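Colleague: I have a model open and would like to check the words people use for its parts. Can you take me through how each label is earned?

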Amino acid sequence: MRRMDKIRDVDTASNTMTCEAGVVLQVAQQRAGEVDRLFPLSLGAEGSCTIGGNLSTNAGGTAALAYGVAREMALGLEVVLADGRVLNGLSKLKKDNTGYDLRNLFIGAEGTLGIITAATLKLFPKPRAVETAYVGLKSPAQALKLLSISQNEAAGSLTSFELLADIAVDFSVRHGIDIRDPLTQQASLVRADGAVVVAR
């Protein structure tokens, strides 16, 4: 599928992009950026993984909190079925309530029902600014409290919230090159009143 690597169409009026399955995710992100749009699917392998693979596995990515997983980012698919027939469902419609939703049968099916060869993807307005915070907490319960506070304060614009265990940070610091622990002292905590206190 790597040779099927064309971006067939970028339509800013409908906020869609139609890609062949072999388009590398990072290329799709960059192409969306060139027209002041965002394709929000993002994961560690974005420099090598492909749109077809992302859809076949229903990849989640780091922005799933705000934009959903790969399934929510695809409007239509082109699929080759086992008998060689091509199902052409490259719709750009966001409001499509006609008949069966065949698209969702193939997303996440890992090629068992047919091979995805192209997809029409949703694009979003490009954020004007991005802010990132790295906060140390003592427990997953405190992280959930912080998530609730963040969602309320960000008024629906929070895109990502990830948990990273101490063991992963420790492993990276010990074995990585030029990596330091971002929190040099004891982790912060969320007080009962909702305030976040970071100990440095």
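Colleague: What do β4 and β5 form, and how many residues lie between them?

Modeller: A hairpin, with five residues between the two strands. In the turn you'll find Gly 84, whose phi is positive, about 95°. Keep in mind that this is a predicted model.

Colleague: How do you know that β4 and β5 pair, and which way do they run?

Modeller: Two strands count as paired if there are at least two bridges between them. Four bridges join β4 to β5, so the pair passes that cut-off. The two run antiparallel. To see one bridge, look at Val 80, whose partner in β5 is Val 86.

Colleague: And how many bridges join β4 to β6?

Modeller: Six, between residues 74-80 of β4 and 115-122 of β6. Set against the cut-off of at least two, these strands therefore pair as well, and again the direction is antiparallel. Val 79 is bridged to Ile 116 in β6.

Colleague: In what order do the strands of the sheet sit?

Modeller: β1-β2-β6-β4-β5, five strands in an open sheet with antiparallel pairing.

Colleague: Why are β1 and β5 said to stand at the edges?

Modeller: Each of them, β1 at 7-11 and β5 at 86-89, has a single partner strand, so one side of each has no neighbour in the sheet. As for twist, neighbouring strands are turned by 15° against each other on average, ignoring direction.

Colleague: Let's go to the empty space. What makes something a cavity, and how many of 30 Å³ or more turn up?

Modeller: A 1.4 Å probe has to fit there but be unable to get out. Searching the whole structure gives one of that size, and its volume is about 30 Å³. Phe 39, Leu 41, Ile 51, Asn 54, Leu 55, Ala 70, Met 73 and Leu 121 line the cavity. Helix α2 (51-56) gives the most, three residues, and α4 (70-73) also supplies at least two.

Colleague: How does the lining of that cavity split by class?

Modeller: Seven nonpolar residues, one polar and no charged ones. Asn 54 is one of the lining residues, and Asn falls outside the nonpolar and charged lists, so Asn 54 counts as polar.

Colleague: Is Asn 54 buried or exposed, and how do you know?

Modeller: Buried means under 20% relative accessible area. Asn 54 comes to 4%, so the label buried applies. The residue lies in helix α2. Leaving aside residues up to four places away in sequence, Asn 54 touches Leu 25, Leu 41, Leu 43, Cys 49, Ala 59 and Ala 70.

Colleague: What share of the chain counts as buried?

Modeller: 32% of its 200 residues.

Colleague: What makes a pocket different from a cavity, and what is the volume of the largest pocket?

Modeller: A pocket is an open set of points, whereas a probe in a cavity cannot get out. The largest pocket holds about 1600 Å³ of space. Its lining has 46 residues, and those nearest the centre are Ala 133, Tyr 134, Ser 160, Phe 161 and Glu 162. By class that lining is 27 nonpolar, 12 polar and seven charged. Helix α6 (140-154) contributes the most, with seven residues, while α3 (64-67) and α7 (166-175) each give at least two.

Colleague: Why is Ala 133 called buried or exposed, whichever applies?

Modeller: Exposed takes over 50% relative accessible area. Ala 133 has 67%, so this residue is exposed. You'll find Ala 133 in the loop between β7 (124-125) and α6. From Ala 133 to Phe 161 is 28 residues in sequence and 9.6 Å in space, C-alpha to C-alpha.

Colleague: What volume does the second largest pocket have?

Modeller: About 410 Å³. It is lined by 21 residues, with Leu 75, Asp 96, Tyr 100, Asp 101 and Arg 103 closest to the centre. Elements giving two or more residues are β4, β5 and α5 (103-106). The largest share, five residues, comes from β4.

Colleague: How does this second lining divide by class?

Modeller: Nine nonpolar, six polar and six charged residues. Arg 103 and Asp 101 are among the closest to the centre, and Arg and Asp both count as charged.

Key. Residues numbered from 1 in each chain as written. Predicted model: local features only at pLDDT ≥ 70, side-chain atom pairs only at ≥ 80, totals over all residues. Heavy atoms only, no water. Axes fitted to C-alpha atoms, helices over the stretch in contact; angles between N-to-C directions. 1 Å grid on protein atoms, 1.4 Å probe; cavity = no way out; pocket = protein on both sides within 12 Å on 5 of 7 lines; lining within 4 Å. Points joined across faces, edges and corners; volume = space filled by probe spheres on them. Buried < 20%, exposed > 50% of the residue type's maximum accessible area, 1.4 Å probe, protein only. Contact = heavy atoms within 4.5 Å.
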